[in-house]
Amino acid sequence: MDKREELLPGTTLGMMGGGQLGRMFSEAAARLGYHVLVLDPGEVSPAGEVSSRRIKAGYKDRAALDDMAASCPAVSTEFENVPAASLAYLAEKGCHTAPMARAVSISQDRNVEKAFLVSSGVPVAPHAAVLSAEDCQGADESLFPAILKTARLGYDGKGQVQVKSPAELPAAWQSLGAVDCILEKKLPLRTECSVIVCRGFDGETATFPVFENHHRNGILAETVLPARIPDDTESAARAYAIRVADEMKYVGVLCIEFFVLEDGSVVANETAPRPHNSGHATIEACMTSQFEEQVRAMAGLPLGNTTLLSPAVMLNILGDAWETDEGLKDPDWGRALAIPGVKLHLYGKSEVRHGRKMGHVTCLGKTPEEALERAKKVARILRLPEPV
Ligand code: ADP
Ligand code: MG
């Protein structure tokens, strides 16, 4: 789609999904004077709680989609498993959907996604599709040691198993339910990073500085801004991200996760057609946040300036932080907030669960060292893993 009319503040914007990403979107939209209508099926809706209106319904509910189409000239999503068919339906009804169904469906299947990255000229790990028992027999030796991942619905390291040798592959595939999978060579990683790219209806793009990500148990634990990587690694990753967004004719906010290899080269891992956990610190650390960019892109407004204003370390707060020897207890929020430069975000989730993302904390500093020092203090107070 080309340049189109701006949707001015006062308009109601639609959000498919009710989690924390939708919540931070709604906060950004409200600040710009928009109303937000959230559609999600959850009992509790972190996004719905801070939005003008919420429809509690499934993502394929026809009446709910009709209501959304009638109320919202533009709709966005906050998680990649919103049915692409529902976005296509909304588009048919005249909604501007950002992202469009096609981009979302690419990110929903790791095999399709890898093929797309390759066709866009972006390096990826050596891989092969594993769709059948036959595929388990003929796998290329050079792919091992490998990781087998379900093609669809995996997140936070779920739906993945390590496979050391070809002999282990059939059992590994069975353990994932014999569904469509992708087998990827396990690469030696120096570090991991992500690039968030924003693209408007008119093809204008902006990228955020590269974020450095550290995972624990497959879940993002902390993000360091700016990434501690060489300049040419940074510019290569940003250029690849723009290329992917352009090739997808993407509209909205797209995240590409990269592996940084020992020699400083980057390999794309996966895409997320939405704001990303690694970009949460943009709320305080950048001139424009990833959520404001999502609002601007879908509303047809010019993208904002993504310059870094301050070094930062973002720590995820999982349900684990409540776990003590005496049972579940709130961490000492007050003591953490007493540290300068510390900004707390809690998502309003009703139930604390191990491994569940309950909130995050962004620690700003005048220098990267100061931000990290503050993050280490906060981690000790809030019972979070020590940042590195
Ligand atoms: P998820 O959707 O769960 O985030 P990813 O494909 O990003 O799935 O994998 C989760 C993590 O597993 C990555 O961030 C990385 O640490 C590790 N990983 C995944 N694929 C590879 C690989 N090919 N080589 C080395 N590490 C990998
Ligand atoms: Mg990932």
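The exercises below work through a predicted model, each with a task and a stepwise solution.

Residues are numbered from 1 along each chain as its sequence is written, and chains are lettered from A and ligands numbered from 1 in the order in which they are written. Local features need pLDDT of at least 70 and side-chain atom pairs count only at pLDDT 80 or more, whereas totals for chains, interfaces and linings use all residues; side-chain values use heavy atoms, with hydrogens and water left out.

**Exercise 1. The magnesium ion**

Task: Identify the protein donors of the magnesium ion (ligand 2) and place them in the chain.

Solution. Step one is to list the donors, that is, N, O and S atoms within 2.8 Å of the metal (3.2 Å for Na, K and Ca), with the caution that water is not among the atoms, so sites may look incomplete. The ion takes Glu257 (OE) twice and Glu270 (OE), at 2.0 to 2.8 Å. Step two is to locate the two glutamates among the secondary-structure elements, where helices (H or I, at least four residues) and strands (E, at least two) are DSSP runs, numbered from the N terminus. Glutamate 257 belongs to strand β14 (residues 252-261) and glutamate 270 to strand β15 (residues 266-272), the pair being 13 residues apart. Step three concerns exposure, for which buried means under 20% relative accessible area, exposed over 50%, and partly exposed in between (1.4 Å probe, protein chains only). Glutamate 257 has a relative accessible area of 15% and is therefore buried.

**Exercise 2. Strand β10 and its partners**

Task: Determine which strands pair with β10, and give a bridge partner in each case.

Solution. Begin with the criterion, which is that two strands pair if DSSP finds at least two bridges between them. Strand β10 (residues 189-199) joins β14 antiparallel through 10 bridges, and cysteine 193 has phenylalanine 258 of β14 as its bridge partner. Next, β10 pairs in the antiparallel sense with strand β12 (residues 211-216) over three bridges, where glutamate 192 is partnered by asparagine 213. Then comes strand β11 (residues 205-207), also antiparallel to β10 over three bridges, with valine 197 opposite threonine 207. The hairpin of β10 and β11 has five residues between the strands, and in this hairpin glycine 203 takes a positive phi near 90°. As for coverage, nine of the 11 residues of β10 are buried.

**Exercise 3. A four-stranded sheet**

Task: Establish the strand order of the open sheet that includes β6, and say which strands stand at its edges.

Solution. The order is β6-β9-β7-β8, with antiparallel pairing. At the edges stand β6 (127-130) and β8 (160-163), and because each has a single partner strand, one side of each is left without a neighbour in the sheet. The twist from one strand to the next averages 25°, with axes as lines fitted to C-alpha atoms (for helices over the stretch in contact) and angles running from 0 to 180 degrees between N-to-C directions. Looking at one pairing, β6 and strand β9 (residues 181-185) share four bridges, and alanine 128 stands opposite leucine 183. Finally, strand β7 (residues 146-150) contains lysine 149, which at 5% relative accessibility counts as buried.

**Exercise 4. Unusual backbone geometry**

Task: Find where the cis peptide bonds at proline 99 and proline 226 lie, and decide whether leucine 153 and lysine 249 are buried or exposed.

Solution. The background is that most residues other than glycine have a negative phi, and most peptide bonds are trans. The bond from alanine 98 to proline 99 is cis, with omega near 5°, and proline 99 lies in the loop between β5 (96-97) and α4 (101-107). A cis bond also joins leucine 225 and proline 226, with omega about -10°, and proline 226 is in the loop between β13 and α8 (231-248). Turning to positive phi, leucine 153 has a value near 65°, lies in the loop between β7 and β8, and is exposed at 61% relative accessibility. Lysine 249 has a phi of about 50°, sits in the loop between α8 and β14, and is exposed with a relative accessible area of 56%.
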